[in-house]
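Trainee: I am new to this structure and would like a close look at one single part of it. Could you take me through that part slowly, and explain each term as it comes up?

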Amino acid sequence: MSVASRRRWTALVAGFAATLVLMTGCASSVHGSVDGAVPQPALSEIDALEDPRAYEGPSTALIPNVEIEPIAENPEQQLPSTVTSYTQTGDEEQIEITDTGRVVAVDLAGSIAATVWGLGFGETLVGVDQSTTFPGTEDLDRVTSGGHTVNAETIIGLAPDVVGTVGPRDVIEQLRDVGITVVFVDNDPSFQGAEELVRQVAGVYGAPEVGELLAERIGQEIDATIAEVADLVPDDEADRLRILFLYLRGNAGVYYLFGSESGADELISALGCVDVAGELGWEGMRPMTDEALVAADPDLILTMTGGIASVGGVDGLLQEKPAVALTTAGEKRRIVDMEDGAVLSFGPRSATVIDALARAIYAPDSTGSDGE
């Protein structure tokens, strides 16, 4: 799958009164959070490792289980609005949105639903993808299943006004046949892309001013968190962790390495670490091979909680893929996992994701999870 096509595989859908965003991907984790009511020490106050490369053992990055704070309450809308829809073939079309009372949001990491919530339009959501797991969305209908397949019947039953999707053509045509407007957003997996996604979603709602406010907040929070993480990073570049992101789906026999422009590269850089895939010139997503893994020899492997669970945990991964055991990360069992619906969710929770991963990487004994 090309990087360009992957970016297009996120969308907004509009019908009777709903917005949907879809992307193929992984199942969401049912755990991976920490009680948000319990205050965590600032990154500057945690007991960080003196030598992150010497640490042995897995850990899980836990994000605070708190609601996304909307940038505004009952934001003013100016409808109808006209927005650009990006098709899977790369074409663009102008779509008029007249109603956003009922919205379905679906994508790989729940980024669109989180964006809708962050804009202050959470009450319009009637359906979301299975990766949308943040507080407040528990009772919403899930319109995707095991492989993030879009269920057209479920969407139609929700009578949405707007739906954003990247689903199969037959699904899209089925939605359009019953009068549902389909809008595809251009979702670039990056921090800057998160800000642009906010602007696109805000445009669908006819609330561009609110979109600018949220985009600005996201950018400021990310910059502040990256600055805090920088104080945990070893001064000598030779001592910085070399990280490789692995996408695992053991039950389907799927093992992928995420390279540059996959989103994993920006996340690893934000953590003050070396992106091994980028170092080797790998782009997008590529099937994992034993040769590539051994050549990469990462100090730490970053993956999704559901992914490592699907292969039977760290022990199962080492048994199923002996090449992993030949790497420095494998020898030290240095594998950090994070909830599927969070780790690559570029959006209102980006700064929180960076913060949680930094704790698991630089102060693993303080996270309260050994990753097993």
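Mentor: What follows is a walk along one strand, strand 12, and then outward to the parts around it. This is a predicted model, in which local features need pLDDT of at least 70 and side-chain atom pairs count only at pLDDT 80 or more, while totals for chains, interfaces and linings use all residues. Residues are numbered from 1 along each chain as its sequence is written, and side-chain values use heavy atoms, with hydrogens and water left out.

For orientation, the protein has 15 helices and 17 strands; helices (H or I, at least four residues) and strands (E, at least two) are DSSP runs, numbered from the N terminus. Of the 372 residues in the protein, 57% are buried, where buried means under 20% relative accessible area, exposed means over 50%, and partly exposed lies in between, with a 1.4 Å probe and protein chains only.

Strand 12 covers residues 242-249, and because eight of its eight residues are buried, the strand is largely enclosed by the rest of the structure. Both of its faces are covered: Arg242, Leu244, Leu246 and Leu248 are buried on one side, and Ile243, Phe245, Tyr247 and Arg249 are buried on the other.

Which strands pair with strand 12, and in what sense? Two strands pair if DSSP finds at least two bridges between them. With strand 14, residues 274-275, the pairing is parallel and runs over two bridges, and here Ile243 stands opposite Asp275. With strand 16, residues 300-304, the pairing is again in the parallel sense, over three bridges, and Phe245 has Leu302 as its bridge partner in that strand. Strand 13, residues 254-258, pairs with strand 12 in the antiparallel sense over five bridges, with Leu257 as the bridge partner of Leu246. Strand 12 and strand 13 form a hairpin with four residues between them, and in the turn Gly253 has a positive phi of about 65°.

Two arginines of strand 12 also take part in salt bridges, a salt bridge being a side-chain nitrogen of Lys or Arg within 4 Å of a carboxyl oxygen of Asp or Glu. The side chain of Arg242 meets that of Glu279 in one of them, at 2.5 Å from N to O. Because Glu279 lies in helix 8 (residues 276-279) and Arg242 in strand 12, this pair ties together parts that are 37 residues apart in sequence. Glu279 itself counts as partly exposed, at 46% relative accessibility, whereas Arg242 is among the buried residues of the strand.

Arg249 forms a salt bridge with Asp340, at 2.6 Å from N to O. Since Arg249 lies in strand 12 and Asp340 in helix 14 (residues 340-343), the pair ties together parts that are 91 residues apart in sequence. Both Arg249 and Asp340 are buried.

A search of the whole structure finds nine salt bridges, and one of them leads back to the surroundings of strand 16: the side chains of Arg53 and Asp299 meet at 3.3 Å, N to O. Arg53 lies in the loop between strand 2 (33-34) and strand 3 (59-61), and Asp299 in the loop between helix 9 (290-296) and strand 16, so the pair ties together parts that are 246 residues apart in sequence. Asp299 is buried, with a relative accessible area of 6%, while Arg53 is partly exposed at 30%. Elsewhere, Glu196, Arg199 and Glu212 are linked in a network of salt bridges.

Links between parts that are far apart in sequence can also be followed through contacts, where contact means heavy atoms within 4.5 Å. Among contacts in the protein between residues at least 6 apart in sequence, 74% join residues at least 24 apart.

As a contrast to the buried strand, consider Pro80, which is found in the loop between strand 4 (63-64) and strand 5 (81-86). Pro80 is exposed, with a relative accessible area of 52%. Leaving aside neighbours within four places in sequence, Pro80 is in contact with Glu96, Ile97 and Thr98.

To return to the part you asked about, strand 12 has buried residues on both faces, pairs in the parallel sense with strand 14 and with strand 16, and pairs in the antiparallel sense with strand 13.
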